[in-house]
Amino acid sequence: MDQLLTKETIEWRDRAREVARKVVLPNAWKYDRLQEYPWEIKEALAAAELMKVWIPKEYGGAGGGVLDLCVVVEELSRCCGGTGVLFAVNALGSFPILLAGTEEQKQKYLPGIASGEKLIAFGLSEKGAGSDAGGLETRAELVGEDYVLNGLKKWNTNGPAADLNTVFAVTDPESKSRRVSAFLLEKDMEGYSVPYVEDKMGIRCVPVGELKLDNCKVPQSQLLGGKPGLGFKHAMMTLDRARPGVASQAVGLAQGALDFALLYATQRHQFGKPISAFQMTQQTLADMATKVEAARSLVYTAARAVDAGVPSLTKYAAMCKYFATDVAMEVTTNAVQIFGGNGFMRDYPVEKYMRDAKITQIYEGTNQVQQMVIARNLMKGAHELKHLEKYIPVEEQMGVDHDNL
Ligand code: CAA
């Protein structure tokens, strides 16, 4: 389907595919077992200039869009879901700077991220603030000329490896809509530590940790955009731009699992013929391939919507994340099924795809949150359906006696 992509997007995809096949695929299972950050893979991504895709040219980037970012994430995830996120999480962490940073903050941080020299994470979630992101309690108080941050961040993907962290904290506890602000923190800042690294089911090559802020004192220049109170809005706007990346991680995982399942089905013999000769296997493969293609189409539509800045981009980002990640879970599970007993074994490739897929239904907003976001956006558009009203009988016309209900 190259005809549907621009020359630039195809170039990004092909470049990512080359690195994925040469460097990611041969090392994917090793780092999964070790649960270690694959520095050699990160270096290969930086050497291929992939870390600069989404960063504007004036800050050392390549000036690509979210669709370009998505095709890279998809290709990497097709070979290793962990690598897909270790790449994409740098976009998640740096989108707030792109969206709302001061010129000084952009000049200071974006070139290092674009070159791959600096890694960044996104610190929104807390123990009591997962889906309810607005309920976070990490506090940032202005003391003299500096902000002092205290709190514990959870599920900070890439945090243990990252040099930088975009962290959200309460600056005005009394305010309803301007309670939260974002801060750009560096790992060497006073009071910044990563006391715990999680042991995970999937995406094991990218570390997820706790981030402790213990009287972490930072100058006001670290307040994102230089203005307090806009943090929650900026977090939501960031997630709108990053969720297509999670969805493309899901598409890549589903495609990778399908690739293996298809090959295996033609090689594995039972009852004297390859299992691909059985209609039930063919039906499963056809179903998997159709769903992968449908998910990919929705992800690309959402990424294009984000790049075009359409007003309904929030809805499309949520839809593609919800749909593609459920497809990834289903397709990777079916790939394990096609591999049969071997699929369950760690000597075979597909169980990793299934483990890596699970988190895509959870992070950057659970799929239940995505459904909530989609529904809220649908309700907002309900007034556009007024022309249909006259075709729906009003309750009184149907003889409903409200007094006696
Ligand atoms: N764009 C801009 N502004 C937005 C917005 C958007 N997409 N969504 C909401 N807002 C604004 C609203 O307009 C509102 O503004 P006002 O106060 O000025 O009216 C404000 O934000 C509050 O909005 P809501 O009332 O809708 O907020 P809510 O508390 O009901 O929460 C939610 C909405 C959608 C559930 C949100 O909390 C959410 O997305 N939760 C999931 C969080 C999430 O995805 N966490 C993942 C963190 S990253 C991660 O997973 C780890 C990792 O490292 C990969």
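Colleague: Which elements each supply at least two residues of the shell around the ligand?

Modeller: This is a predicted model, and in it β3 (146–157), α6 (231–267) and α10 (367–380) each contribute at least two residues to the shell around the ligand. The largest share, seven residues, comes from α6.

Colleague: How many residues surround the ligand, and which are the closest?

Modeller: A residue enters such a list if one of its heavy atoms lies within 4 Å of the molecule. Here 25 residues surround the ligand, and the closest are Ser-131, Asp-240, Glu-364, Gly-365 and Arg-376. Sorted by class, the shell holds 13 nonpolar, seven polar and five charged residues.

Colleague: Which atoms of Ser-131, Thr-157 and Lys-233 should I look at beside the ligand?

Modeller: The general idea is to look for pairs of N or O atoms within 3.5 Å. For Ser-131 the partner is a backbone N or O atom, which lies 2.8 Å from a nitrogen atom of the ligand. In the case of Thr-157, an N or O atom of the side chain is 3.1 Å from an oxygen atom of the ligand, while a polar side-chain atom of Lys-233 lies 3.4 Å from an oxygen atom of the ligand. As for coverage, the ligand on its own has 1100 Å² of accessible area, of which the protein covers 71%.

Colleague: Turning to the backbone, what is the phi of Asn-158, and is this residue buried or exposed?

Modeller: The sign of phi is worth reading together with the residue type and its setting. Phi of Asn-158 is near 80°, a positive value in a residue other than glycine, and Asn-158 sits in the loop between β3 and β4 (164–170). Asn-158 counts as buried because its relative accessible area is 0%, where the cut-off for buried is under 20%.

Colleague: Where is Asn-215, and what is its phi?

Modeller: Asn-215 belongs to strand β7 (residues 208–219), and its phi is near 50°, again a positive value in a residue other than glycine. With a relative accessibility of 44%, Asn-215 is classed as partly exposed.

Colleague: Which residues make the nonpolar surface patch?

Modeller: A residue qualifies for a patch only with over 30% relative accessible area and no salt bridge. In this model Leu-385, Leu-388 and Tyr-391 make a nonpolar surface patch of about 340 Å². Leu-385 is placed in the segment after α10, and it is partly exposed because its relative accessible area is 47%.

Key
Residues are numbered from 1 along each chain as its sequence is written. This is a predicted model: local features need pLDDT of at least 70, side-chain atom pairs count only at pLDDT 80 or more; totals for chains, interfaces and linings use all residues. Side-chain values use heavy atoms; hydrogens and water are left out. A polar contact is a pair of N or O atoms within 3.5 Å; within protein, one must be able to donate a hydrogen and the other to accept it, and residues adjacent in sequence count only if both atoms are side-chain atoms. Accessible areas come from the Shrake-Rupley method with a 1.4 Å probe; for residues, only the protein chains shown count as cover. Helices (H or I, at least four residues) and strands (E, at least two) are DSSP runs, numbered from the N terminus. Ala, Val, Leu, Ile, Met, Phe, Trp, Tyr, Cys and Pro count as nonpolar, Asp, Glu, Lys and Arg as charged, and the others, Gly among them, as polar. Patches are made of residues with over 30% relative accessible area and no salt bridge: like charges are joined within 9 Å, nonpolar side chains (Val, Leu, Ile, Met, Phe, Trp, Tyr) within 5 Å. A salt bridge is a side-chain nitrogen of Lys or Arg within 4 Å of a carboxyl oxygen of Asp or Glu. Buried means under 20% relative accessible area, exposed over 50%, partly exposed in between (1.4 Å probe, protein chains only).
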